[in-house]
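Colleague: Got a minute to go through this one with me? I'd like to start with the rings.

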Amino acid sequence: MSRHTLASAFLCAVSLVSISAVSIPAHAQSGCSGQPGPGLVCGNAQAAQALPGFYSQTTLLDRGFGSGQGTVLNRTVLGWLATVAPTLGINGGTGGSIILNGATSGSATISVPAAAGTVTFQLPNSNGTNNQVLSTDGSGHLSWQTLTGTGTVTSVGLSMPGIFSVTGSPVTSNGTLTASLANQSANLVWAGPSTGVSAAPTFRSLVGADLPNPSSSTLGGIQSYAGVSSQWIRSISTSGVPASSQPAFSDISGTLAPSQCPASGLATLGCVNAINGTASQWLRALSTSGVFTSSQPTFADIAGAASLSQIQSIGNNTVLGNNSGGTAVPSTLSASDVLDMIGSTRGSVTYRGASAWAALTPGTSGQVLTSNGAGADPSWSTITGTGTVTSVGSGTGLTGGPITTTGTLSLAPIATGNVLANVSGISAAPSANTPSAVLDVIGSTQGQIPYRGASSWAALNPGTAGQVLQTNGAGSSPSWANVGSVSNVTISAGAGISTSGTCNISASGTCTVSTAAGVDTNTLNSVTANYTIQTSDCGKTVQAGTGSTGQFTVTLPAVTGFDTKCVVTIVNGDTGRGKKLSGFPTTMTSPNILWPAQGVTVKIVNGAWTAPQNPGRWKSPNNVTGYIDAINGSDSNDCLAAGSGNACQSFNGLVRTYIKDMWDLTGTSTFSAGNTGGNALVNVQLADNHTTTGTCTTCYSLAHIAFTPVGNEGRATIVIKGLGSSTIISDTGGAAVGAYGPVNIELYNLQVGQLSCASSPQAGGGIEAADGANIRLAGGVVLACASGAQMSAYNRGSINLDATTTMEGGGSYSLSAIDGGIINFNGNTMQCNGSMNFSQQTAFAYRFGEINIQGVTWSGCSGVTGTRYNANYLSLISTGTGSPNTTIPGNSNGSANNNSVVD
């Protein structure tokens with residue numbers, strides 16, 4: 001069936017929108033006229049839109065592709081590209097090669113195998129020398145190496161007996177075989193067997209049979225001999241057996257020499273040495289070799305005690321002591337020498353301190369020694385009130401000085417009507433001041449009246465015009481009062497007034513009224529941290545945050561202690577963060593979060609808090625970002641910032657508490673479009689949620705995202721961003737990312753699946769778009785399902801791949817398009833990570849399904865196994881090359897059935 005026939009079938013199956021005529025504007029007047037100079041062409045080399053002109057080809061190429069030296073033009077699947085690293089050839093088509101022609105004839109072609117892999121060769125930076133060859137280090141770095149030896153041997157090994165240690169074996173290119181003696185245990189010899197028949201030598205211990213017999217002229221082995229008391233070995237036989245006997249005195253020659261003397265013992269006699277006496281020394285010991293030891297006895301060696309008469313005499317009025325400054329033998333010291341040990345400064349006085357005697361150093365001239373009482377040390381003190389005065393001066397306010405002998409000091413004269421006082425505001429000597437200046441210390445406002453208050457004189461501020469000064473009786477301060485004939489005023493509680501009572505204005509008393517708890521006093525209480533509503537907040541507005549304070553909690557306590565008519569208004573004063581609500585009525589639309597710019601009024605009705613003014617759903621601004629952290633987040637947070645205490649923990653938590661204006665949660669993980677107010681854009685930032693590669697502590701799940709249009713609501717777009725393969729979205733019970741209804745999903749920098757996904761191509765897998773939903777893979781996405789379909793589009797759902805995508809694991813299908821579903825690659829790269837086996841097909845299209853793989857570069861996919869494709873019931877799989885058997889990864893071809901096309 002041809003592509004044209006398939007297109008006709010589609011026209012019969014679906015309704016097509018009409019195409020209106022397109023008008024083409026008139027061509028702008030060209031700036032190229034006349035005949036150009038040699039080599040010039042017509043074009044626009046400006047940085048902005050402009051009329052064309054004549055430019056050199058170099059100028060136009062620099063404008064379009066850059067002016068970097070060394071770049072070349074390279075035709076890619078997306079168009080012409082200027083690059084310093086051009087790519088030749090097309091995977092699945094014609095391999096890349098470079099042909100170098102000879103100067104006169106012939107050529108050399110440099111190419112790679114059809115399945116080349118991805119390798120890089122780095123050439124050496126010299127020409128090498130004659131007969132050298134290129135050698136790689138295994139990482140693609142080439143160098144010149146000199147071949148040694150000739151022949152066809154590829155490997156030479158060395159085998160040696162176990163007594164040798166071999167290194168360098170085998171040699172496969174060049175090298176050195178070495179053998180050295182292996183280490184052996186101590187006291188072993190290299191010898192044949194110790195008994196029996198002949199055998200190869202080994203390392204073993206010596207035995208008696210290994211030693212020769214001795215003779216009168218040769219050495220040999222002999223037997224051991226256990227000594228017998230008083231016997232000596234007299235002979236050794238030629239068999240090595242010794243014989244012994246006891247010697248007699250007749251067997252001993254010569255005479256006893258001093259060295260032959262028997263040793264002395266504690267119970268035996270022996271020879272001893274003579275010793276000369278030494279003054280004051282005594283014999284202390286006699287060794288077993290007959291040698292005396294002498295020494296002078298110490299006091300410790302002498303029994304008893306010495307008497308005073310046995311101590312050496314000292315001079316009169318002296319004591320024995322040591323004042324040398326170090327350890328020394330005592331010597332005679334005078335009493336002054338002993339006191340100098342406490343202090344030797346002239347004029348010092350000794351005294352008994354708290355724990356020892358000490359010296360009080362001299363005081364200043366004229367001071368006296370003063371006792372400080374029991375338990376304290378004496379000290380030097382300066383005596384006041386006595387002495388010889390030579391001159392007395394007169395200070396501020398005094399006269400009569402200076403007095404050098406005798407005289408009288410008196411107050412200096414001041415002007416009449418003045419008093420001495422200090423009105424400077426600081427500590428100072430008194431000076432002459434008028435009584436008015438002194439009274440100004442109490443108050444200096446015109447119209448004030450001085451009066452005696454409870455503890456001091458004060459100034460009563462002026463009243464209003466016409467008021468009179470009124471006494472309030474003993475023990476009270478006077479006040480201003482209005483003049484009138486009213487004798488009694490009765491105040492009854494009414495609207496806005498909470499206090500009632502009776503006052504006699506013509507006599508005395510104070511009438512006090514207060515605002516009722518339920519009346520707004522127009523008072524603002526701004527708070528910037530966790531706050532609990534107080535009884536004093538009744539009738540007030542509590543503003544939580546002042547612009548960018550951040551998330552914190554406002555707590556509404558129990559009604560105990562509050563006025564029964566209490567009314568409090570709470571507003572969120574921040575523009576970018578919500579405020580947590582604790583203890584607020586559950587009847588509120590948002591009982592847990594007060595969103596930016598929202599407010600709520602609570603009042604006590606029938607002994608309980610109610611919310612007569614509900615803030616309603618938050619109308620979040622377009623293009624706002626919500627944060628999800630599977631490990632550190634909490635679904636009770638406002639989700640408007642990253643990290644612990646800010647981010648939500650799950651995608652459902654974000655839906656419940658954050659984007660309610662767009663979707664209403666209708667199930668555990670299903671929500672429908674709500675009051676979007678037109679096309680809406682929401683950004684979702686996912687935090688890292690893995691502990692080891694490929695394993696997440698808490699996997700995110702975006703399964704069953706269902707959208708149902710409400711009225712003429714627009715199409716919502718959710719942009720979901722992760723942090724790379726460390727951000728994992730996985731759901732073994734359904735699609736890891738499933739979108740249903742009029743919604744756009746964009747995915748960035750995350751891993752879909754965790755090597756385990758649902759198996760049905762219509763009820764699970766990695767990514768699933770259905771019912772008109774569109775999912776776009778915008779970059780950095782890894783598909784990691786080991787079961788199910790990597791991507792599935794059905795029932796008019798579509799999946800678009802606009803950036804390089806990586807897949808691993810395998811599963812049943814890589815690409816699955818069913819019931820009008822479309823999967824479209826926009827000329828990007830599909831990177832295969834490791835070997836994969838698709839149990840069904842790599843590409844599967846069924847019942848008007850369409851898979852467009854035109855321009856796709858499959859990288860690293862040579863290890864993919866399984867059937868390449870299957871198209872059935874008016875479906876289309878297009879590679880754009882006409883060679884699906886070589887373009888689509890797999891190791892067996894597929895089929896196209898029931899008016900389907902695969903090309």
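Modeller: Sure, here is a quick run through the aromatic pairs, a charge over a ring and a hairpin.
Modeller: This is a predicted model, where local features need pLDDT of at least 70, side-chain atom pairs count only at pLDDT 80 or more, and totals for chains, interfaces and linings use all residues. Residues are numbered from 1 along each chain as its sequence is written, and side-chain values use heavy atoms, with hydrogens and water left out.

Colleague: How many aromatic pairs does the structure hold?
Modeller: Six. Rings of Phe, Tyr and Trp (its six-membered ring) pair if their centres lie within 6.5 Å; planes under 30 degrees apart are stacked, over 60 edge-to-face, the rest tilted.

Colleague: Why is the pair of Tyr 813 and Phe 844 stacked?
Modeller: Because the planes are at 25°, with the ring centres 4.8 Å apart.

Colleague: And are Tyr 813 and Phe 844 buried or exposed?
Modeller: Both are buried (under 20% relative accessible area, 1.4 Å probe, protein chains only).

Colleague: How about Phe 825 and Trp 858?
Modeller: That pair is tilted, 6.3 Å centre to centre with 40° between the planes. Phe 825 and Trp 858 are buried too.

Colleague: Which residues form a cluster with Tyr 813?
Modeller: Phe 844, Tyr 846 and Tyr 873 join Tyr 813 in one aromatic cluster.

Colleague: Switching topic, what lies over the face of Tyr 748?
Modeller: Lys 721, at 5.5 Å from the ring centre. The criterion is NZ of Lys or CZ of Arg within 6 Å of the ring centre and within 35 degrees of the ring normal.

Colleague: Last one: what joins strand 19 to strand 20?
Modeller: A hairpin, through four residues. Strands here are DSSP runs of E, at least two residues, numbered from the N terminus.

Conventions
Buried means under 20% relative accessible area, exposed over 50%, partly exposed in between (1.4 Å probe, protein chains only). Two strands pair if DSSP finds at least two bridges between them.
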